[in-house]
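Reader: I am new to this one. Could you walk me through it, one question at a time?

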Amino acid sequence: MDQAELQRPDARHALPSMDQLWMPFTANRQFKAAPRLLVSAQGMYYRTHDGREVLDGTAGLWCVNAGHGRAEISAAIARQAQEMDYAPPFQMGHPLQFEAANLLAGIAPADLNKVFFTNSGSESVDSALKIALAYHRARGDGTRTLFIGRERGYHGVGFGGISVGGMVANRKVFRGALLPNVDHLPHTYNAEHQAFSRGEPTWGAHLADDLERIVALHDASNIAAVIVEPVAGSTGVLVPPKGYLERLRSICDKYGILLIFDEVITGYGRLGTPFAAQYFKVTPDIITTAKAVNNAAVPLGAVFVRNGIYDTVVNASPEGAVEFFHGYTYSGHPLAMAAAVAAQTLYKRDNLLTRVADEGIGAYWQDALHALSDARHVKDLRNIGLIGGIELESRPGAVGKRAFEAFLGCYERGVLVRYTGDTIALSPPLIIERGQIDQIMSTLRDVLRTIA
Ligand code: PXG
């Protein structure tokens, strides 16, 4: 089937055989029995294999921030594919990777002006952890090898990421092979004190003080870094309590511990600022990103590092030596770089990195979401920027079942949402209009009425 036919609005697609593919993070048997295939996408909408239009309430997977099918980005990728398909990244370079790094450094907070490219959020996290180790060692502080993550954290699926992560299902099967030097902060969610908070909950800053206990237990001289998502996404939208991140920052400062913000979902305008670090006015030492860095058009991740960290690692090696033994065949891949330059140019031209704050979209979103407080099954509503979490009462003995049915019901009614456990997570493209926000919320209200 050619592209024109694929995109025809009334196209019905014959389904391919599904036996061969092992689908990621998917109930394979259930999916293959009743498949949901997306075949084209434009602006705020996907089109399904059965010819229906579906409003994208999730920006793909928290990543297509400028909406789908942006011509500037696809043209840049096509041009680059013709010009030069691939260039080796080790001891060689190509201009676009420097241009992309320059653009990214230009929107980064404070002095996080060095950029290391990866291909995904998981790789960004592993890279950041390695950078932390390399930095301490370069300073002659090589005993600092312990990482502190957080319960309910998600940092991708590499062994580093699942070790510092705190999602039980992602860890339990692999428990015996996790990194050995890891401890975890408590998560920041407390329904009793925080339910139905608009934006940051006022209760819970003190939970950061647990870092003092962990430091006392292990001794600061052994701790390399703390890694947290400023807003936890995959685990069900957990917004940090007011003052919590500041407190983490000051305890890290007190003990010489690096602070890593995993901004794979909060990066690139999701909160109405380029990064969550700017929203919360807390500057970490390293920021991990991926997804919207290039509007997700080609796999790409980017790690932002403070100048001083780069300088320390690089200057610790003799002239002519490779300073950091880490990198990927596809670090700075030309097609990913072309997409990054085009996406960042687009974000800037259309003020997308601040639209959620500047145009009142975030405030409208908050009101529309919290109007669901009397909808059926709703146990809690959480929001910040253009992120929403709707936690449903779980059915006894069947956690996740009700949210799955809500997800299906929304999909059938033309709205794509995500769910994790019994929380529906929303994160639409930043180009969303008010009427589309209304459509997402009214669809959810209707669907929640119809499911048991
Ligand atoms: N860190 C964070 C904070 C993420 O949200 C990753 C790392 C890993 O990125 P990669 O590119 O390796 O997948 C993520 C990914 C969900 C969902 O349903 C979110 C992610 C991945 C899969 C599902 O919310 N985020």
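**Helix H4 and its neighbours**

Author: Gladly. This is a predicted model, in which local features need pLDDT of at least 70 and side-chain atom pairs count only at pLDDT 80 or more, while totals for chains, interfaces and linings use all residues. Residues are numbered from 1 along each chain as its sequence is written.

Reader: What span should the 13 residues of helix H4 have at 1.5 Å a residue?

Author: Helices (H or I, at least four residues) and strands (E, at least two) are DSSP runs numbered from the N terminus. The expected span of a helix is 1.5 Å times one less than its number of residues. For H4, residues 71-83, the end C-alpha atoms lie 18 Å apart, which agrees with the expected 18 Å.

Reader: Which residues of H4 are buried, and where do they sit around the axis?

Author: A residue is buried if 20 or more other C-beta atoms lie within 10 Å of its own, exposed if 12 or fewer, and partly exposed in between, with C-beta atoms placed from the backbone. The buried residues of H4 are Ile73, Ala76 and Gln80. Taking the directions from the helix axis to the C-beta atoms, these residues fall within an arc of 65°, so they line one face of the helix.

Reader: Which helix do the buried residues of H4 pack against?

Author: Contact here means that the C-beta atoms of two residues, placed from the backbone, lie within 7 Å. Leaving out residues up to four places away in sequence, Ala339 touches Ile73 and Ala76, among others. The face of H4 turned away from its buried side carries exposed residues, including Ala71 and Arg79. The partner of the buried residues is helix H14 (334-349).

**The core and the domains**

Reader: Which element gives the most residues to the largest nonpolar core?

Author: A nonpolar core is a set of buried Ala, Val, Leu, Ile, Met, Phe, Trp, Tyr and Cys residues joined through C-beta atoms within 7 Å. The largest has 127 residues, and Ala339 is one of those that touch the most other members. The element that gives the most to this core, with ten residues, is H14.

Reader: How far apart are the C-alpha centres of domain 1 and domain 2?

Author: The bounds come from an automatic or database domain assignment, which gives domain 1 (3-65 + 354-450) and domain 2 (74-349). Between them, 30 residues of domain 1 are in contact with 25 residues of domain 2. The C-alpha centres are separated by 26 Å.

**Helix H17 and two loops**

Reader: What arc do the buried residues of H17 cover?

Author: Helix H17 (residues 401-412) reaches 17 Å from its first C-alpha to its last, close to the 16 Å expected. Its buried residues are Arg402, Ala403, Ala406, Phe407 and Cys410. They lie on the same side of H17, because they cover an arc of only 140°.

Reader: Is Arg152 buried or exposed?

Author: Arg152 is found in the loop between strand E5 (146-150) and helix H7 (159-164). Its phi is positive, about 65°, although Arg152 is not a glycine. With 21 other C-beta atoms within 10 Å, Arg152 is buried.

Reader: And is Lys281 buried or exposed?

Author: Lys281 is found in the loop between helix H12 (276-280) and strand E9 (286-289). Its phi is also positive, about 55°, although Lys281 is not a glycine. With 11 other C-beta atoms within 10 Å, Lys281 is exposed.
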